Amino acid sequence: MADPQEVLSRRVQSALGAAFGPEFADTDPVIRPSQFADYQANAALALAKRLGRKPREVSAAIMEHLDVADVCDGVEVSGPGFINLTLRDDWIAGQARALLDDPRLGVPEQDALNIPLDYSAPNVAKEMHVGHLRTTVVGDSLARTLEFLGHNVVRQNHIGDWGTPFGMLIEHLLEVGEASDEARLVTTDPNAFYQAARAKFDSSGPGADDFAARARRRVVALQGGDEDSLRLWRELVGLSRAYFNKVYSTLKVTLTDDDLAGESTYNHMLADVCDELEAKGIAEVSDGALCVFLDEFTGREDKPVPLIVRKSDGGYGYATTDLATVRHRVDDLKADRIVYVVGAPQALHFKMVWAAAREAGWLPEHVETVHVQIGNVLGSDGKILRTRSGASIRLMALLEEAVERASAVVAQSRPDLDEAERAAIAEMVGIGAVKYADLSVSHDTEYTFDFDRMLALTGNTGPYLQYAQARIRSIFRKGGLAPEQARGAITVGEPAERDLALKLLAFGGTVAQAGDLLHPHRLCAYLFDLAQALTAFYEHCPVLTAETDELRESRLALVATALRVLVQGLDLLGVEAPEHM
């Protein structure tokens with residue numbers, strides 16, 4: 001089976017080469033969906049100037065060499081030179097039936113690239129808040145999509161597990177006791193543990209044995225490799241790991257302990273990074289700090305903006321760690337493409353780090369770096385979503401509320417199911433609603449967090465798509481057969497059948513585009529359109545009560561294909577597909 005857009009592109013390109021010479025065979029044929037036909041080839045308008053001919057003349061020349069009789073039953077020039085292409089019904093039906101037999105559902109297997117994918121990145125001994133939702137959800141969907149396309153994705157969870165706060169955190173751990181209930185707060189309420197340590201630090205007196213002084217000495221000991229300090233640090237990281245995994249399990253994301261690649265991973269590389277930059281003449285000392293100045297990054301009065309790789313006190317910062325990270329991902333992970341799913345405000349920082357890495361020869365030209373910029377989650381007031389007191393909203397509290405609200409909806413709509421089944425569905429619907437709302441808007445834009453809209457069973461929402469596939473399952477239950485048993489030949493006599501089949505054929509190209517552009521929202525838009533096509537199909541095309549057995553078998557095969565596409569598409573988004581709704 002094949003994506004019609006891809007098939008038509010190849011055919012029109014072949015005609016371009018035949019009509020105007022082999023140098024035109026790679027020209028973009030500009031195939032787009034059309035309101036006047038199934039597709040439209042708009043290449044003539046772009047080529048007219050290059051060829052010195054009128055667009056309609058160019059279209060006529062393309063038509064002379066265009067071989068699409070087996071695919072299209074209508075080809076005509078319209079307007080200033082558009083070529084309208086109407087697909088044959090039997091071709092659409094045959095391709096849709098082939099889709100049902102294809103384990104990949106028409107999704108191409110691309111040449112495998114090594115892709116380190118940096119996402120989530122919470123801080124040890126701190127609560128994950130709503131700001132971590134988008135990087136985690138978007139990053140995980142991209143990981144699933146790129147893997148399905150055949151790439152080797154190396155998940156990199158760059159947690160904040162190093163730095164000066166660990167002095168006070170370790171001292172607080174020692175004071176409350178390593179096996180105490182307070183210590184276990186790191187696994188359930190890390191902010192309470194962190195804030196208690198911070199309060200002690202801030203209220204500490206000037207004495208040599210006061211908490212703040214001990215905390216500062218502990219930082220020095222930790223960074224100097226003191227074994228007892230490292231043991232306590234590892235204990236804190238372990239407690240936080242348990243907390244992270246609880247959140248990841250609730251969110252149904254694919255991150256595991258094996259994907260942890262925190263800041264501490266690169267400690268042994270930082271001195272070498274600085275030494276090599278200085279030796280190559282790329283970094284210089286300015287006001288006591290070692291800085292990289294790059295011509296393309298200037299601030300006020302056109303003065304160069306420094307990338308500080310070693311502070312004046314000898315400490316290292318984010319830039320140093322991020323440069324070491326680039327080296328590791330290129331040298332050790334053999335990256336072809338490095339993807340960072342991180343907040344939009346970090347854009348300048350990453351551009352400077354990558355430019356410095358290229359200057360140093362650590363980031364070859366053939367390795368692509370991409371910042372998937374993450375926009376803010378807003379409240380109903382249009383400001384960054386926070387609690388009434390102004391604090392960041394805890395991510396677990398948000399997810400628990402989503403499931404609680406979904407439970408009320410499921411209890412009302414499905415009182416016939418037992419409590420355990422309703423609870424399982426509520427979790428799938430609640431978590432799916434939050435994830436889908438995040439993924440369905442472009443990752444670099446802001447969106448307003450609204451439970452009522454997210455959990456609605458109508459509109460472009462997770463529950464609407466979950467319901468769409470659950471409805472298909474109910475058709476098969478009512479018909480007394482499993483979806484896998486639907487093996488009939490497909491026909492598309494009704495417009496709604498044809499529209500549904502045509503929409504199904506676009507799945508492979510959509511997944512490829514979502515992966516290539518790193519745009520999960522394109523897959524969401526496709527799945528929503530597919531669900532709407534299904535709704536129109538049900539209105540005009542009875543399935544179980546179709547007029548003939550052949551038509552019933554055809555429609556069962558068609559909705560079985562739609563079920564597989566919906567379930568696979570939702571899985572690439574990280575959204576579960578319940579049996580019942």
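## A helix crossing and a three-stranded sheet

The crossing of α14 and α15 is right-handed, and it makes a good place to start in this predicted model. The contact draws on L399, A402, V403, A406, S407, V410 and A411 from α14, met by R422, I425, A426, E427, V429, G430, I431 and V434 from α15. Sorted by class, the residues joining α14 to α15 are 11 nonpolar, 2 polar and 2 charged.

Now for the geometry of the pair. Helix α14 covers residues 395-413 and helix α15 covers residues 419-439; their axes come within 7 Å and cross at roughly 125 degrees. That angle is why α14 counts as oblique to α15.

Let's zoom in on one residue of this contact. A406 sits in helix α14. Is A406 buried or exposed? Its relative accessible area is 1%, so A406 is buried, the cut-off for that word being under 20%. Setting aside neighbours within four places in sequence, A406 is in contact with A426, V429, G430 and L455. Of these, A426, V429 and G430 also appear on the α15 side of the helix contact. For a sense of distance, take R477, which lies 71 residues from A406 along the chain: the two C-alpha atoms are separated by 24 Å.

Next, let's move to the sheet. The sheet is open, has 3 strands in the order β7-β8-β9, and its pairing is antiparallel. Which strands form the edges? They are β7 (283-286) and β9, each of which pairs on one side only. From one strand to the next, the twist averages 50 degrees.

Two helices pack on this sheet. Helix α11, residues 270-279, touches β7, β8 and β9, and its direction makes about 135 degrees with that of β9. Helix α13, residues 347-360, touches β8 and β9, with its direction at about 100 degrees to that of β8.

Finally, follow the chain from β8 into β9. Strand β8 spans residues 289-298 and strand β9 spans residues 304-310; the two pair in the antiparallel sense over 5 bridges. To pick out one bridge on your screen, start from C291: its partner in β9 is I308. Together β8 and β9 form a hairpin with 5 residues between them. What is the phi of E301 in the turn? It is positive, at about 55 degrees. As you look along these strands, keep a general point in mind: in a regular strand the side chains alternate between the two faces of the sheet.

Notes:
Residues are numbered from 1 along each chain as its sequence is written. This is a predicted model: local features need pLDDT of at least 70, side-chain atom pairs count only at pLDDT 80 or more; totals for chains, interfaces and linings use all residues. Side-chain values use heavy atoms; hydrogens and water are left out. Axes are lines fitted to C-alpha atoms, for helices over the stretch in contact, and angles run from 0 to 180 degrees between N-to-C directions. Helices (H or I, at least four residues) and strands (E, at least two) are DSSP runs, numbered from the N terminus. Angles under 35 degrees count as roughly parallel, over 145 as roughly antiparallel, 65 to 115 as roughly perpendicular and the rest as oblique. A crossing is left-handed if the near helix is turned anticlockwise from the far one by less than a right angle, and right-handed if clockwise. Contact means heavy atoms within 4.5 Å. Ala, Val, Leu, Ile, Met, Phe, Trp, Tyr, Cys and Pro count as nonpolar, Asp, Glu, Lys and Arg as charged, and the others, Gly among them, as polar. Two strands pair if DSSP finds at least two bridges between them. Buried means under 20% relative accessible area, exposed over 50%, partly exposed in between (1.4 Å probe, protein chains only).
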